[in-house]
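This report covers model confidence, the contact between chains, the domains of one chain and two helix pairs.

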Amino acid sequence: MNKNYSSSRREEAHFKVRASLRRLLLAFVFSATCLQAATNALVAPVPVPSSPYLPRIYKYVDALLEDGASKTNLHKHQNWLRVLYTLTDLSTKAKYRDAADSALRVWLANVPSAEERIERPWMLWDRCFQIDRAASEQFALAVVKNQITNHPGFYLRACAAGYAHATNAAFLKAIETFVSGFKGPVPMSVAIDCDGVARLLPEPLASRLTALAENQSATLARNTATGMMYVSRYENTGRTAFREAAHAAANENLKSPTDLPPLTLGHSISLQLAAWRSTARQEHLDKARAFADFALTKYFDGAPQLEPGVDTLALSLVELHLHILYITAVRYPPNTLDR
Amino acid sequence: MNRRSTTAKTRTIRTRSLIALCALAIAACTATASTSATNDFLVVVRRYADTMIEYGRDTYGPQKSGLLLSALDRTTLSPLKVRPAAPGGIRRGDRPGRAWTAMNGANPHLDQNLLRILYTLSEITGEKRYTKVADDELTWFFQNTMSPKTSLLPWGEHLSWDTVLDIPISGGDEMMHEFARPWVLWERCFALVPEASTKFAIGLWEHQIANHKTGGFDRHAAYFEHGPIDGKDFPRHAGFYIGTWCYAWKQTTNKVFLEAIESLLARFERKRRQKDGSEVGTIGPLECHLAAEMVPDLLAARLLAFAQKEDELILPDLRNQLDVRTNAPPLWQSGYSASTLASSAMFCWARYQQTTNAAYRDLILRYADRYTDSRPDEDVDAWPMSFGHAISTQVAAFKLSRQPKYLSQAQRLGRMAVEIFWQDNPLPRASMQTGHYETITGADSLALSLLEVHAATHNLPNPIPANTIDR
């Protein structure tokens, strides 16, 4: 009986194994049929284009984050912070975002003095308010109090963020007072900031700022930095005059050698990509790649360093990677804050 | 394809490109003049339609199908020689062209509102040529592109017809049939191509629905061979299928279509109830209500009851979008499976037109108010569709309230949209940060909204199709 029982169990087991094998086989055949049914395109697929840029950025950033000295100074390199947030969006690894958040906390704890020279507008206010609302509001109020107005865009964006997140009327008043000082055309950089912050503010101040942005002084320079400002104006307004100016700068830049300083190289890549988006002319994407290939060998081969301009270059390489592979679920931050 | 025909084709493309460039130069002059006075939205829409008819139809490859291309180079008014940069939020595999190469696809699903515009332009202008182009497109597409084995069509979310190679293609790696939005031209399709329309409706039942007893399906179905699976049955797709079969039933009285509707309805009557006993909205009310107007009484009553229950389940979420504003859709930024606040307004408008339920009316007015003096946030790659829905929301609010402020907002947004998307070109671009023409981002819906503003401004008696199908 035992024998029979065990034999029957063995047979049962064998039957089960056979049955599951059969099911597996059937499932395989079914899946293969479905797959075949789904993929039997009538022409051969085109190979996926190569993009070595993002893997190099990951490698560089990983090394950067392991270096204590670099990590403590990250807050001074705004585009690296923007790269870090983008890397978390792309990889879902929190460590990049966490590093950037830590840097923001350091930044918020160090309000600039009245004399400090400001180089760029601060574009990470939304994240600052998300991670530490009180410190962010305090910082923005200190900007108003210290009258840190040597970079109008920095001042305007601090006040506008303060109003948008804290609805503190003091910020509105500060903006009103500040903009009433503008007589005549404003530089293009200020126009960008006026137009940007106008979207966060109530009327009639919003219209006043938009009008200021409209009254932008003529800029004849066709260098890459100016080109990127035209890109910003074009992509936010759709005006064809800005488009033509951006295209002219990009066309001029097509003739440029690739051996450029990191900041110019970063602007060149982003400028060519903007022209690619706008014209769908392959030569712009090709030139962006040429600049980027040079950048990899010159600036991303050695030990990571927080060299000025490399953050902008890194941002442009992320942007290029997303363009080459047509990735849009994660957006690249616009490379337009060096002004 | 042999070298001779390739050379001939290249020559044809070059000649057409030269002609197109001349036309573009003329169009640019007139466009500059007329876009600066962009109050005349009919001019903008007609120029778009005329340009598509003249330069945007398939005259390439061995078969000159006449299909409207779903993407074009705006600088040459000819097919793109590359796969251009993607508008923000557009997935690689959803675009009208083969992956990693020149984008030459025609996808009537993506151009549906353009086809509706063509029919409407004939009514407004009295010119029959617009209707003919739309009719030709539907006829050719249904008669020539259908899969011989599944009767599914190369359209929708992933598939299109390559106008140069003359084959069905996918934007990604797989030939997957999936609706992109409801198809609302069934009446016309059954009038033009009744057999092919019926075949598609049957193919949808046979090859998209995996389990006829349970109604189990996946929104993806293989185009070339039979191979449906019971997988991700996104509920809104059930609505798209029901919206197909009700017309098929109406035209053929083949009972298989009632069986198909009943099968999916029963599935979601069951699936509506969650494991914890709570209930959630599923298919939505629109197609159920639509079908109820065509099917026999017993099934119609069930469909109407289902639709009413969907209202009850959906309305609190919609109110919440406006009351709490947490997790509310953005005003301007669209993306895959991420629409704007105004697209919710468009759903409300569609449902209000079916039911005149005051709850939907109130919501539409509130949505419209949220767009007062609004414009896209800084650096957002806004789509034409986002503008189109915002404009149509204002027009709907105007129709409901007769308050001039809504019409004035619609006109303001319309002018802004023309300046941003049309610029100095007869065709609108795909988004604020790209330069080519590509209808996946709703150029057709924006143009339709401009027609609505034109009709409302001039009190036109002509009905304008509702801009409510992007869902």
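Chain A has an average pLDDT of 89, with 88% of the residues scoring at least 70; pLDDT is the predictor's confidence in each residue, from 0 to 100. This is a predicted model, in which local features need pLDDT of at least 70, side-chain atom pairs count only at pLDDT 80 or more, and totals for chains, interfaces and linings use all residues. Residues are numbered from 1 along each chain as its sequence is written, while chains are lettered from A and ligands numbered from 1 in the order in which they are written.

In residues 1-17 of chain A the pLDDT is below 50, and this stretch has zero contacts in the model beyond near neighbours in sequence. The pLDDT is also below 50 over residues 33-38 of chain A, but this stretch has 15 such contacts. Two residues are in contact if their C-beta atoms, placed from the backbone, lie within 7 Å. Where pLDDT is low, the predicted coordinates should not be read in detail.

Between the chains, 32 residues of chain A are in contact with 43 residues of chain B. On the chain A side, helix 1 (2-39), helix 12 (224-237) and helix 14 (262-279) each supply at least two residues. Helix 1 of chain A gives the most, with six residues. Helices (H or I, at least four residues) are DSSP runs, numbered from the N terminus.

The domain assignment, automatic or from a database, splits chain A into domain 1 (49-67 + 220-339) and domain 2 (111-218). Their centres, taken over C-alpha atoms, are separated by 26 Å. Eight residues of domain 1 of chain A are in contact with nine residues of domain 2 of chain A.

The residue classes on these two contact sides of chain A are listed below. Ala, Val, Leu, Ile, Met, Phe, Trp, Tyr, Cys and Pro count as nonpolar, Asp, Glu, Lys and Arg as charged, and the others, Gly among them, as polar.

| Side | Nonpolar | Polar | Charged |
|---|---|---|---|
| Chain A, touching chain B | 14 residues | 13 residues | five residues |
| Domain 1 of chain A, touching domain 2 of chain A | three residues | two residues | three residues |

In chain B, helix 2 (residues 41-55) and helix 3 (residues 112-125) pack at an angle of about 110 degrees, with their axes 11 Å apart. Helix 2 of chain B is therefore roughly perpendicular to helix 3 of chain B (65 to 115 degrees). Axes are lines fitted to C-alpha atoms, for helices over the stretch in contact, and angles run from 0 to 180 degrees between N-to-C directions. Helix 2 of chain B contributes Val45(B), Arg46(B), Ala49(B) and Met52(B) to the contact, and helix 3 of chain B contributes Leu114(B), Ile117(B), Leu118(B) and Leu121(B).

Definitions and conventions:
Parallel < 35°, antiparallel > 145°, perpendicular 65-115°, else oblique.
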